[in-house]
Amino acid sequence: MSEKKKLPSDNKEKFSWVKVYFASKAVRIIISMVLIFLVIAGVAAGMKKYVESEAKTTKIGFEDIGELATQVAYSTEVNVTDASRKLFGMTIPFTQSKYIYSYDVIVKAGFDFTQVEWSEKNEIIEVKLPKAEILSCEVDTESFQVYHEDESIFRRITLEENNEALNNLKQQAQDDAIENGILENARANAETILKGFFGNAYNLEKYKIKFVNK
């Protein structure tokens, strides 16, 4: 009957050490492969981000701005809301309600930059601009000031009348801004902004920019 041979104790220790060595070496190899993969993935992601960023900076992208306010006007508008009951065209006594008040109004003008068109020929950049327009007209509610307040119990001013008076106040502020040149100033400032965009892509000492109405 054959007997199973046993390794000497010192050989057992050596064999165990060899197994640990190869096991730890395999772990190190796996960890190294994982680290290399992560580094490659990080570099690839960084390259993708860099390429996308470069693609955006090499184009004249004012079409991405959309609506841009290039001029703002601030005004204080005084309004009078007056209401009364009348009989045969005459005001009935004690039925008159009257408010005199003011609001600060902010009017912004500018362009829809997606409508801007341009072309380059013979070192001349021709830019077609649409008309400047009013983009917003907002009332600063915190600026409200009352100068006179008199309301009759026989004729109160309705909410509809208040809203109409406020709309008239905003329209007046817009008309005042236009009369004082807000649209012309918006156009001039838009040209300055566009020159800055073109200056990032063209040498403006060599190229001339010509603005025309669209």
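This note walks through a predicted model of one protein chain, from its overall make-up to a few individual residues.

1. Overall make-up. The secondary structure of the protein chain comes to 3 helices and 8 strands, and, read from the N terminus, these elements follow the order α-β-β-β-β-β-β-β-α-α-β. A reader tracing the chain will therefore meet one helix, then a run of strands, then two helices and a final strand, with helices and strands taken as DSSP runs numbered from the N terminus.

2. Burial and surface. Of the 214 residues of the protein chain, 22% count as buried. The chain exposes about 16000 Å², and carbon and sulfur atoms supply 55% of that area.

3. Contacts along the chain. When contacts with a separation of 6 or more are considered, 80% of them are between residues 24 or more positions apart. Several of the pairs described below, such as Q172 and E77, which are 95 residues apart in sequence, illustrate this kind of separation.

4. The largest nonpolar core. This core has 28 residues, and those that touch the most other members are V105, V107, V127 and L194. At least two residues each are supplied by β4 (97-112), β6 (124-129), β7 (133-150), α2 (159-179) and α3 (182-199), and the largest share, 7 residues, comes from β4. In soluble globular proteins, nonpolar side chains tend to be buried together.

5. V107 within that core. Leaving aside its neighbours within four places in sequence, V107 is in contact with Q71, V72 and A73, with I134, S136 and C137, and also with A173, Q174, A177 and I182. V107 is thus a useful residue to select when viewing the core, because it is among the residues that touch the most other members, each member being a buried residue joined to others through side-chain atoms within 4.5 Å.

6. E77, a buried charge. E77 is found in strand β1, which covers residues 67-83. Which side chain of opposite charge is nearest to E77? That side chain is K170, 13 Å away, and E77 is buried yet has no salt bridge. The reason follows from the cut-off: a salt bridge needs a side-chain nitrogen of Lys or Arg within 4 Å of a carboxyl oxygen, so K170 at 13 Å does not qualify. The side chain of E77 does, however, make a polar contact of 3.3 Å with the side chain of S75.

7. The surroundings of E77. Apart from neighbours within four places in sequence, E77 is in contact with Y101, S102, Y103 and V105, and with L169, Q172, A173 and D176. One of these, Q172, has its place in helix α2, and the C-alpha atoms of Q172 and E77 are 7.7 Å apart in space. Q172 counts as partly exposed because its relative accessible area is 39%, whereas E77 is buried.

8. Salt bridges between distant parts of the chain. The count of salt bridges comes to 3. In one of them E117 pairs with K214, the closest N and O atoms being 3.3 Å apart; E117 lies in strand β5 (residues 117-121) and K214 in the segment after β8 (208-213), 97 residues apart. E117 is partly exposed, with a relative accessible area of 39%, and K214 is also partly exposed, at 47%. The side chains of K206 and E123 meet in another salt bridge, 3.7 Å from N to O, and this pair links the loop between α3 and β8, where K206 sits, to the loop between β5 and β6, where E123 sits, 83 residues apart. K206 is partly exposed at 45% relative accessible area, and E123 counts as partly exposed at 35%.

9. A salt bridge inside one helix. The side chains of E191 and R187 meet at 2.9 Å, N to O. Both residues lie in helix α3, 4 residues apart, which is about one turn of the helix.

10. Two residues of strand β7. Y147 has its place in strand β7 and, apart from its neighbours within four places in sequence, is in contact with I100, Y101 and S102. The C-alpha atoms of Y147 and I100 are separated by 5.4 Å, although the two residues are 47 residues apart along the chain, and a polar contact of 2.8 Å joins the side chains of Y147 and S102. T141 is also in strand β7 and is exposed, with a relative accessible area of 58%; its C-alpha atom is 9.9 Å from that of S102, with their positions 39 residues apart in sequence.

Conventions: Residues numbered from 1 in each chain as written. Predicted model: local features only at pLDDT ≥ 70, side-chain atom pairs only at ≥ 80, totals over all residues. Heavy atoms only, no water. Buried < 20%, exposed > 50% of the residue type's maximum accessible area, 1.4 Å probe, protein only. Lys, Arg positive; Asp, Glu negative; His and termini not counted. Polar contact = N/O pair within 3.5 Å; in protein donor to acceptor, adjacent residues only side chain to side chain. Contact = heavy atoms within 4.5 Å. Areas by Shrake-Rupley, 256 points an atom, 1.4 Å probe, with all protein chains shown as cover.
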